[in-house]
Amino acid sequence: MKLATLKNGTRDGKLVIVSRDLTRCTDASFLVPTLQAALDDWARIAPHLASLAESLEIGAVPSTRFHEHDAHSPLPRAYQWADGSAYVNHVELVRKARGAEMPESFWTDPLMYQGGSDSFLGPRDPIPLVDETWGVDLEGEVAVIVGDVPLGATVDAARGAIRLIVLVNDVSLRGLTPNELAKGFGFFQSKPSSAFSPVTVTPDELGDAWDGGKVHLPLSVDLNGKPFGRANAGVDMTFDFPRLIVHAAKTRPLCAGSIIGSGTVSNKLDGGPGKPVAEGGAGYSCIAEIRMIEQIASGEPRTPFLKAGDTVRIEMKDKAGHSIFGAIEQAVEKV
């Protein structure tokens, strides 16, 4: 089934079921008011939501037109947003661009940071630009939303805890990152509010594109209306979602509604850095990656970070070309 949260003037919005073709929705708030409330009581509520979803498909319940611009992030706020870096190719490029060797442990032990989860951006909300020197960047990712995960969870338990899948624009401020990391205490100011797709889906909606740990479909990233990235989320993913969940739960339990991100989706090309879409490659899911490749190739980056008026669109389509999650579509807006 497909779920969304509509903006209704409250902090947490109203839960709706969305049709598979993303054209219609029906109110689910009479069953449970919010997505977080549904996740808190998933075993009891999920069958009722699934039944309502089937009724929507056959026209057996009242419905209204679903407008993606009315949607908030499926979870407008979450108890936890932990973002991994599952595509080690991306990490390798970052370090190579600054002449640093990559520790061998990066291939066996995931990187992860805890982001701010108290105020997510809606999928059509603008990306705020405070200072252009901060280096505003997009990051196209996939994430999972989990149920309760016990401390020290096994891979099987982690896989069984995956409730929903969603797309992410993990907005980053690259100009602030070096000084923060130099302090040895992780990201904070350089990771502002992220945005999530209008719709979140249960894994079964992906069919054979979901193998229990990865989504085997291209992630489309457009910048100013032109193809920027078409990397396949199931390729070059060193750590799948169950492995990322196990890492997050090593020393603490995860509560229902925690979001675990994949990190920037990144594909290699013939064992080396990728190429732009215009040159026949899979492109990039963030600006930093193409800047790294430019740095390695010519000694300096050429592609600018986002500026006021730029637009970003992130979407994933099934094998028939139909949008699965709706689109994150954001303009950069000076504040």
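In the predicted model, residues 24 or more positions apart supply 72% of those contacts in the protein chain that have a separation of 6 or more. The secondary structure of the protein chain consists of 7 helices and 19 strands. A compact globule of 335 residues would be expected to have a radius of gyration near 20 Å, and the 19 Å computed for the protein chain therefore agrees with that expectation. Along the principal axes, the C-alpha atoms occupy a box of roughly 60 × 45 × 35 Å.

Of the 335 residues, 54% are buried. The accessible surface of the protein chain amounts to about 14,400 Å², and carbon and sulfur atoms contribute 52% of this area. Charged side chains comprise 33 positive and 42 negative groups, with the centres of the two sets 1 Å apart.

The largest nonpolar core contains 75 residues, of which V144, I165, L206, I245, L306 and M316 touch the most other members. Another core, of 30 residues, lies apart from it and includes A28, L39, Y113 and F196. Within the larger of these sets, L306 is one of the residues with the most contacts to other members. When residues up to four places away in sequence are excluded, L306 touches I127, E132, V136, D137, L138, L223, I287, V312 and V332. The partners of L306 thus include E132 and D137.

I245, also among the residues of the largest core that touch the most other members, belongs to the buried part of helix α6. This helix spans residues 241–248 and is mostly covered, with 6 of its 8 residues buried. The buried positions are F241, P242, L244, I245, V246 and A248. Their cover includes the strands β6 (81–84), β7 (112–115), β10 (140–146), β11 (162–169) and β17 (259–261), together with helix α4 (155–160).

A further site examined was S323, which is placed in the loop between β18 (311–316) and β19 (328–334). S323 counts as buried because its relative accessibility is 18%, the cut-off for burial being under 20%. Leaving aside residues up to four places away in sequence, S323 touches K2, L22, E315, M316 and K317. One of these partners, L22, is separated from S323 by 301 residues in sequence, yet the C-alpha atoms of the two residues are 7.9 Å apart in space. Another partner of S323 is M316, which is itself among the residues of the largest nonpolar core that touch the most other members.

Conventions
Residues are numbered from 1 along each chain as its sequence is written. This is a predicted model: local features need pLDDT of at least 70, side-chain atom pairs count only at pLDDT 80 or more; totals for chains, interfaces and linings use all residues. Side-chain values use heavy atoms; hydrogens and water are left out. Helices (H or I, at least four residues) and strands (E, at least two) are DSSP runs, numbered from the N terminus. The radius of gyration is taken over C-alpha atoms; the globule rule is 2.2 Å times the number of residues to the power 0.38. Buried means under 20% relative accessible area, exposed over 50%, partly exposed in between (1.4 Å probe, protein chains only). Contact means heavy atoms within 4.5 Å. Accessible areas come from the Shrake-Rupley method with a 1.4 Å probe; for residues, only the protein chains shown count as cover. Lys and Arg count as positive and Asp and Glu as negative; His and the chain ends are not counted. The place of a charge is taken as NZ of Lys, CZ of Arg, CG of Asp or CD of Glu. A nonpolar core is a set of buried Ala, Val, Leu, Ile, Met, Phe, Trp, Tyr and Cys residues joined through side-chain atoms within 4.5 Å.
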